[in-house]
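User: I would like to learn how to read a protein model step by step. Could you walk me through one with me asking as we go?

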Amino acid sequence: KSLRTYVPPPVFRMLDRGNGSLSWMNERRHVTVAFVNLLPREESEETRWAASNLQHVVLESLSVTKLFKGTLNKIFLFDKGCSMLVLFGLPGEKGADDAQHGLITARHLLARLSEPPLDVFQCSIGVTTSSTFCGLIGNGSRHEYTTISDSVNLAARMMVSYPGVVSCCPVTMDASRLQRGFEQLPLVKFKGKETD
């Protein structure tokens, strides 16, 4: 029971239904991925920034993602700030509006994580939608539930290439059925991609 605090609800639902084996959790799913990056102000020391801001970042992110059936999958803290991976469409949370929920969540996160009391210089978010591998990675003694695909990499590249905004791929825009709030961003050539 004490682990439920640290394991995303969709994963626990799968474990509760399981038969002891974990391999059945691996599958291809159509999910929406939001990659979020927060850059602290240049004068902020990394350790001090993390200590004073990380709890607030997590609480704000969890409150917004829960509203739209998203799952905060990962938080990375590194020398240039903090990044998070938010997923929509995991087992038990799948809906027809996952792309829309991903974009609305991204817009809320951009606004809320850019406000005081956070000491954030810039928040950037890349959102993509596609079929991805969802499941366990790691070995028998340490593993985690995550998603891996080209679209996860694309969301990360978009997050870095379009600073200070929410960017999304055309598939996400179309699937969201949102009628307004989009504008064409400058085209960027991503390494390893055939098209812009």
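Analyst: Happy to. The protein has five helices and six strands, and bear in mind that this is a predicted model. Read from the N terminus, the elements follow the order α-β-α-β-β-α-β-β-α-β-α.

User: What share of the 196 residues is buried?

Analyst: Buried residues account for 43% of the 196. For contacts, look at the separation along the chain: of those with a separation of 6 or more, 71% join residues 24 or more positions apart.

User: Which residues of the largest nonpolar core touch the most other members?

Analyst: The general idea is that in soluble globular proteins, nonpolar side chains tend to be buried together. In this model the largest nonpolar core has 20 residues, and Val36, Leu38, Met84, Leu113 and Ile125 touch the most other members. Two or more residues of this core come from each of strand E1 (27-40), helix H2 (46-67), strand E3 (81-88), helix H3 (98-112) and strand E4 (120-138). Another core lies apart from it, with 16 residues that include Met14, Val31, Leu85 and Leu87.

User: Which residues does Val36 touch, leaving out those up to four places away in sequence?

Analyst: With those left out, Val36 touches Cys82, Ser83, Met84, Leu109, Leu113, Cys123, Ser124, Ile125 and Met159. In the strand pairing, Val36 stands opposite Ile125 in E4.

User: How should I read the strands around E1, and in which sense do E1 and E4 pair?

Analyst: A useful rule first: in a regular strand the side chains alternate between the two faces of the sheet. Here E1 and E4 pair in the antiparallel sense, over 14 bridges. E1 also runs antiparallel to E3, joined to it by seven bridges, and Val33 stands opposite Leu87 in E3. E1 is mostly covered, with 10 of its 14 residues buried.

User: Now the helices. Which residues of H3 are buried?

Analyst: The general point is that an α-helix has 3.6 residues a turn, so residues three or four places apart point the same way. The buried residues of H3 are Asp98, Ala99, Gln100, Gly102, Leu103, Thr105, Ala106 and Leu109. H3 has 15 residues and reaches 21 Å from its first C-alpha to its last, close to the 21 Å expected at 1.5 Å a residue.

User: What covers the buried residues of H1?

Analyst: In helix H1 (residues 9-17), the buried residues are Pro10, Val11, Phe12 and Met14. Their cover includes strand E2 (70-78) and strand E5 (143-148).

User: Leu90 is in a loop between E3 and H3; is Leu90 buried or exposed?

Analyst: Leu90 has a relative accessible area of 1%, so it counts as buried. Setting aside residues up to four places away in sequence, Leu90 touches Pro10, Arg29, Val31, Thr71, Cys134 and Tyr145. The C-alpha atoms of Leu90 and Thr32 are separated by 9.2 Å, although these residues are 58 apart along the chain.

User: How many aromatic pairs are there?

Analyst: The count comes to one aromatic pair. The ring centres of Phe35 and Phe76 are 6.3 Å apart and the planes lie at 15°, so this pair is stacked. Because Phe35 lies in strand E1 and Phe76 in strand E2, the pair ties together parts that are 41 residues apart in sequence. As for accessibility, Phe35 is buried at 9% relative accessible area, while Phe76 is partly exposed at 33%.

User: Which residue lies over the face of Phe182?

Analyst: Arg107 does, at 5.4 Å from the ring centre of Phe182.

User: Last topic, the backbone. What is phi of Lys69 near?

Analyst: The background is that most residues other than glycine have a negative phi, and most peptide bonds are trans. Phi of Lys69 is near 60°, a positive value in a residue other than glycine. Lys69 sits in the loop between H2 and E2 and is partly exposed, at 46% relative accessibility. Arg177 also has a positive phi, near 60°, in a residue other than glycine. Arg177 belongs to the segment after helix H5 (170-176), and its relative accessible area of 48% makes Arg177 partly exposed.

Notes:
Residues numbered from 1 in each chain as written. Predicted model: local features only at pLDDT ≥ 70, side-chain atom pairs only at ≥ 80, totals over all residues. Heavy atoms only, no water. Core = buried A, V, L, I, M, F, W, Y, C linked by side-chain atoms within 4.5 Å. Buried < 20%, exposed > 50% of the residue type's maximum accessible area, 1.4 Å probe, protein only. Helix = DSSP H or I, 4+ residues; strand = E, 2+ residues; numbered from the N terminus. Contact = heavy atoms within 4.5 Å. Pairing = 2+ DSSP bridges. Phe/Tyr/Trp six-rings, centres within 6.5 Å; stacked < 30°, edge-to-face > 60°. Lys NZ or Arg CZ within 6 Å of the ring centre and 35° of its normal. Expected span 1.5 Å × (residues − 1).
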